[in-house]
Amino acid sequence: MQIKKKNDIGLILDNFSSFAKWDASGKKLYLVFADNKRGGQWTLMNYGDDRFSVHGLGEDYQDDRESFFEERNSVVTFLWNHRAALKAAVQPTT
């Protein structure tokens, strides 16, 4: 999948279930991708509606809690800033 503009990220969010895995105990969809800035990973989560959150985890750090995005534009901007890692995570493996 190409990510050349923010609308492409919107399509990923609209079809999140196609890219994400299901966490039955947490009742949420999640997608893990690299945190290239801090050397760990991000987990993007969706709770079945339009609520998205993110959590970072690495060898030398762990975010205290999930950070929820108040509006869709905020999650799009966050993912735009991490688009290379996001693209690698949503690429089909063949």
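Strands, and the loops left between them, are taken here from DSSP runs, a strand being a run of E of at least two residues, numbered from the N terminus. With that in hand, D49 can be placed in the loop between strand 3 and strand 4. The model is a predicted one, so a word on confidence comes before the details. The mean pLDDT of the chain is 93, with 98% of the residues at 70 or more. Confidence is highest in strand 3 (residues 40–46), at 98, and lowest in helix 2 (residues 16–19), where the mean is 93.

The sheet is a good place to start. Its 5 strands form an open sheet in the order 1-2-3-4-5, and the pairing is antiparallel. Strand 1 (21–23) and strand 5 (67–68) each have a single partner strand and stand at the edges, so one side of each has no neighbour in the sheet.

Following the sheet from one edge, strand 1 runs antiparallel to strand 2 (residues 28–35) and is joined to it by 3 bridges. Within this pairing, W22 has L29 of strand 2 as its bridge partner, and K21 stands opposite Y30. The two strands make a hairpin with 4 residues between them, and K27 in the turn has a positive phi of about 50°. Strand 2 is in turn joined to strand 3 by 7 bridges, again in the antiparallel sense. Here F33 stands opposite W42 of strand 3. This hairpin has 4 residues between its strands, with G39 taking a positive phi near 75°.

Strand 3 also pairs with strand 4 in the antiparallel sense, over 7 bridges. Across this pairing, G40 faces G58 of strand 4 as its opposite residue. The hairpin of strand 3 and strand 4 has 5 residues between the strands, and G48 in the turn shows a positive phi of about 90°. The loop between these strands is also home to D49. This residue is partly exposed because its relative accessible area is 42%, a value that falls between the 20% limit for buried and the 50% limit for exposed. D49 and K28 are 21 residues apart in sequence, with their C-alpha atoms 9.6 Å apart in space. At the other edge of the sheet, strand 4 and strand 5 pair antiparallel over 2 bridges, and V54 stands opposite S67 of strand 5. Strand 4 is mostly covered, with 6 of its 7 residues buried.

The interior comes next. The largest nonpolar core has 21 residues, and L44, V75, L79 and L86 have the most contacts inside it. At least two residues of this core come from each of helix 1 (6–14), strand 2, strand 3, strand 4, helix 3 (72–81) and helix 4 (83–90). Helix 3 gives the largest share, 4 residues. The surroundings of L79 can be spelled out: apart from neighbours within four places in sequence, L79 is in contact with I9, L13, F33, L44 and L86. Of these, I9 and L13 are among the buried residues of helix 1, together with D8, G10 and I12. The buried residues of helix 1 are covered by elements that include helix 2, strand 3, strand 4, helix 3 and helix 4.

Aromatic side chains add a further set of contacts. The whole structure holds 4 aromatic pairs. In one of them, the ring centres of F16 and F52 are 5.3 Å apart and the planes stand at 90°, so the pair counts as edge-to-face. It links distant parts of the chain, since F16 belongs to helix 2 and F52 to strand 4 (residues 52–58), 36 residues apart. Both F16 and F52 are buried. A single aromatic cluster is formed by W42, F69 and F78; W42 is also the residue that stands opposite F33 in the pairing of strand 2 and strand 3. Finally, R83 lies over the face of W80, at 3.9 Å from the ring centre.

Note on methods. Residues numbered from 1 in each chain as written. Predicted model: local features only at pLDDT ≥ 70, side-chain atom pairs only at ≥ 80, totals over all residues. Heavy atoms only, no water. Pairing = 2+ DSSP bridges. pLDDT = per-residue confidence, 0-100. Phe/Tyr/Trp six-rings, centres within 6.5 Å; stacked < 30°, edge-to-face > 60°. Buried < 20%, exposed > 50% of the residue type's maximum accessible area, 1.4 Å probe, protein only. Lys NZ or Arg CZ within 6 Å of the ring centre and 35° of its normal. Core = buried A, V, L, I, M, F, W, Y, C linked by side-chain atoms within 4.5 Å. Contact = heavy atoms within 4.5 Å.
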